[in-house]
Protein chains: 2
Amino acid sequence: MGVTIVDIAKVVGVSYTTVSRALNNKKGVSSEMRDKIVKISAEMGYQPNTLARGLVSNSSKTIGLIIPDIMNPFFPKIARGVEDAASEKGYTVFLSNSNWDVEKEKECINSLVSNRVDGIIINPNSTGDLVKLRDLKMPVVYVNTKFTEKDVCFINIDNVSGAKVATQHLIDIGYKRIGFVGGTVKSYSNNKRLESYIDTLENNNIKVDRDIIVNSKFDTEVAYLETKKMLKIENPPDAIFAANDIIALGVMHAVSEQGLKIPEEFGIIGFDDISEAKLPQIQLTTMSLPKYLMGKKAFELLLEQMENDSINTAQYTIKPKLIERNTTKKRK
Amino acid sequence: MGVTIVDIAKVVGVSYTTVSRALNNKKGVSSEMRDKIVKISAEMGYQPNTLARGLVSNSSKTIGLIIPDIMNPFFPKIARGVEDAASEKGYTVFLSNSNWDVEKEKECINSLVSNRVDGIIINPNSTGDLVKLRDLKMPVVYVNTKFTEKDVCFINIDNVSGAKVATQHLIDIGYKRIGFVGGTVKSYSNNKRLESYIDTLENNNIKVDRDIIVNSKFDTEVAYLETKKMLKIENPPDAIFAANDIIALGVMHAVSEQGLKIPEEFGIIGFDDISEAKLPQIQLTTMSLPKYLMGKKAFELLLEQMENDSINTAQYTIKPKLIERNTTKKRK
DNA sequence: CTGAAAGCGCTAACAG
DNA sequence: CTGTTAGCGCTTTCAG
């Protein structure tokens with residue numbers, strides 16, 4: 001098949017150990033010999049067999065990245081951040097989609113373990129079931145989840161602060177009746193955002209009204225339908241905090257269809273700042289997250305664990321940043 | 001580290017060869033013994049070491065996927081199609097971003113070769129430099145490229161047919177002066193689309209006017225600027241065929257800003273049908289591509305090559321389908 | 001049906 | 001500075 005160090009050794013006329021040393025920049029080879037070996041192996045088109053290397057060194061120089069779905073606009077930037085940081089350090093990354101499914105997630109983990117990845121970055125679907133990863137004693141970085149345990153490493157989003165800023169923004173610029181359209185109640189981040197929305201209203205002495213709070217699904221179409229219903233009630237909202245941008249898009253649709261002018265008559269704020277949000281035709285005000293950097297950071301934290309062979313307990317919490325675009329505006 | 005077949009063999013009280021046979025469903029083990037081994041290895045949490053397996057069997061059960069950029073909305077669906085098909089067949093996929101860069105692309109390939117992937121699916125940046133892949137005698141499926149050689153396997157887009165249908169659509173529904181806003185002239189698909197646009201105009205006895213043809217970049221912002229300029233000329237277009245949806249988004253922006261009503265006063269058609277195109281606020285008429293299926297198909301073709309260990313010369317060309325939304329409309 | 005032994009390509013002691 | 005040897009975990013002959 002490919003060229004091996006044995007082939008090179010034969011050509012150069014040394015033992016294959018010497019070739020290995022030369023190619024790995026280990027001491028114990030004369031520099032002339034090293035140059036010669038490097039030159040010849042390049043000529044022969046040698047590519048190290050990382051499988052063999054990994055078998056003996058117990059390190060494959062690969063990592064696994066498990067996300068729910070790369071087709072969901074939230075994830076590609078994170079994935080790219082991870083990949084860029086990893087490839088810079090000589091790591092190759094396995095990408096797996098868990099498809100929001102706990103079973104599939106387990107399969108992904110098993111597959112990565114079989115491939116002897118050096119570490120895993122995961123945006124989990126359930127926090128409970130992931131004890132398995134701890135048993136593995138495999139370096140892991142969690143993204144978009146929080147653990148109370150002090151010995152797990154994660155990069156979480158500050159949902160509380162984000163939702164607070166978003167809600168307060170709507171209040172500050174003069175919207176009077178602020179509703180909430182959320183995703184599934186099973187989602188950790190959705191619930192945090194809802195709680196914080198409620199707290200913020202209360203802190204501003206605004207009555208919380210369950211009629212203008214709805215939890216549905218992280219889906220534009222469903223959000224559209226739910227919002228449509230909400231706009232038909234007796235005392236409808238004049239602004240909505242959407243639990244994420246996917247939902248905000250559906251809200252926008254329903255609101256414009258109702259003939260309400262955004263942002264003059266109706267304010268909308270989302271969460272995540274997906275690429276759709278900045279389109280000229282959308283211009284959604286939203287809470288922005290440094291997704292690419294989160295991916296990069298996740299790899300850095302993983303690398304630290306992998307290199308030090310010790311559990312790094314770094315726990316990051318990212319504060320989302322308000323991006324004012326054209327779906328909210330100060331009212332007179 | 002992990003449990004090995006030797007560990008299992010000791011517990012069961014057989015040789016590790018027998019364990020290997022049992023776990024791999026090879027003949028030569030009594031069914032009671034097989035059951036016992038399977039049961040115990042599950043209890044012990046055994047995960048096969050694919051590195052070791054790959055080293056001897058010369059097949060890693062992994063493939064590489066090289067795309068320009070997972071953050072570009074065109075690619076995630078393809079990637080997901082590949083991943084789903086692969087994982088169904090027990091393959092794990094390495095994802096690499098070449099970042100539209102030929103050097104980086106080479107690095108990706110080398111890295112995948114080192115990891116001894118069984119095959120590669122690649123959306124190449126340059127067709128010229130890929131002879132390297134052929135030397136490797138590695139199964140390869142190209143996506144979004146065409147080769148005249150009969151012995152390379154690819155899934156290409158029928159740019160000629162797509163651009164023809166798009167242009168003809170604008171003509172048929174009554175737009176009179178149809179311009180073209182393209183991406184980089186270096187792009188194979190861009191040029192094919194432009195050529196076919198010109199041919200279609202000529203076949204309809206419409207004069208081709210270079211003043212309303214521009215090639216810029218596959219970038220919404222740049223397309224916006226170019227279109228703005230084009231709308232200012234003496235005899236501006238009343239419709240534009242955009243080389244892809246990213247560009248069409250910029251065209252839309254410029255046209256609305258100019259105060260022209262879409263689709264009544266101005267028609268726009270794109271290419272690719274990225275997720276943005278179907279947003280209620282956008283509703284872009286475009287040429288749709290089955291991106292997910294293309295990914296799936298790419299893996300199937302690769303699998304055939306990997307299993308038969310022979311070059312499969314299947315060459316697919318996908319015809320894009322017209323999706324009429326709200327940026328084009330029959331004129332009276 | 002089962003076991004012993006060789007070897008995949010490489011790294012890491014251990015000698016010289 | 002260089003070579004010899006063992007062995008990573010597994011599959012695959014070859015014997016029994």
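Here are some notes on a predicted model with two protein chains, A and B, and two DNA strands, C and D.

1. Start with how chain A is divided up. Domain 1 covers residues 5–48, domain 2 is made of 60–157 plus 290–319, and domain 3 runs over 159–289. Notice that domain 2 comes in two stretches of the sequence, with domain 3 sitting between them in the numbering.

2. Next, look at how domains 2 and 3 of chain A meet. Their C-alpha centres lie 30 Å apart. Each of the two domains puts 10 residues into the contact. On the domain 2 side, the residues touching domain 3 are six nonpolar, two polar and two charged.

3. How are the two protein chains related? Turn chain B by 180°, with 0.0 Å of shift along the axis, and it superposes on chain A with an RMSD of 0.1 Å. That is what a two-fold axis does. The two chains also use the same surface, as 100% of the contact residues of chain B recur in chain A.

4. Now for the contact between the chains, which takes 40 residues from chain B and 40 from chain A. On the chain B side, the elements giving two or more residues are helices H4 (50–57), H5 (75–88), H6 (102–114) and H11 (245–257), along with strand S2 (92–97). Sorted by class, that side has 19 nonpolar, 16 polar and five charged residues.

5. One of those helices, H11(B), is worth a visit. Its 13 residues should span 18 Å at 1.5 Å a residue, and the end C-alpha atoms are indeed 18 Å apart, so the two values agree. Is H11(B) mostly covered or mostly open? It is mostly covered, with 11 of its 13 residues buried. Among them are Asp245(B), Leu249(B), His253(B) and Val255(B). The buried residues pack against helix H10 (220–231) and strands S6 (178–182), S8 (239–242), S9 (267–272) and S10 (285–288) of chain B. After the helix comes Gly259(B), with a positive phi near 90°.

6. Then there is H12(B), which covers residues 291–308. This helix has 18 residues and reaches 26 Å from its first C-alpha to its last, close to the 26 Å expected at 1.5 Å a residue. Its buried residues include Met294(B), Phe299(B), Leu302(B) and Met306(B), but also charged ones such as Lys291(B) and Lys296(B). What do the buried residues of H12(B) pack against? The partners are H5 and strands S1 (62–67), S3 (119–122), S4 (140–143), S5 (154–157) and S11 (315–318) of chain B.

7. On to the DNA, beginning with strand C. There are 26 residues around it, and Thr4(A), Ser20(A), Ala52(A), Gly28(B) and Val56(B) come nearest. Helices H1 (5–12), H2 (16–23) and H4 (50–57) of chain A, plus H2 (16–23) and H4 of chain B, each give two or more residues to this surface. Which element gives the largest share? That is H4(A), with five residues. By class, the surface has 13 nonpolar, 11 polar and two charged residues.

8. Finally, DNA strand D. Here 25 residues surround the strand, the closest being Thr17(A), Gly28(A), Val56(A), Thr4(B) and Ala52(B). H2 and H4 of both chains each supply at least two residues, and the largest share, five residues, comes from H4(B). The class count is 12 nonpolar, 11 polar and two charged.

Conventions: Residues numbered from 1 in each chain as written. Chains lettered and ligands numbered in written order. Predicted model: local features only at pLDDT ≥ 70, side-chain atom pairs only at ≥ 80, totals over all residues. Domains from an automatic or database assignment. Contact = placed C-beta atoms within 7 Å. Helix = DSSP H or I, 4+ residues; strand = E, 2+ residues; numbered from the N terminus. Expected span 1.5 Å × (residues − 1). Buried ≥ 20, exposed ≤ 12 C-beta atoms within 10 Å, placed from the backbone. Near = placed C-beta within 6 Å. Least-squares fit on C-alpha atoms with pLDDT ≥ 70 in both.
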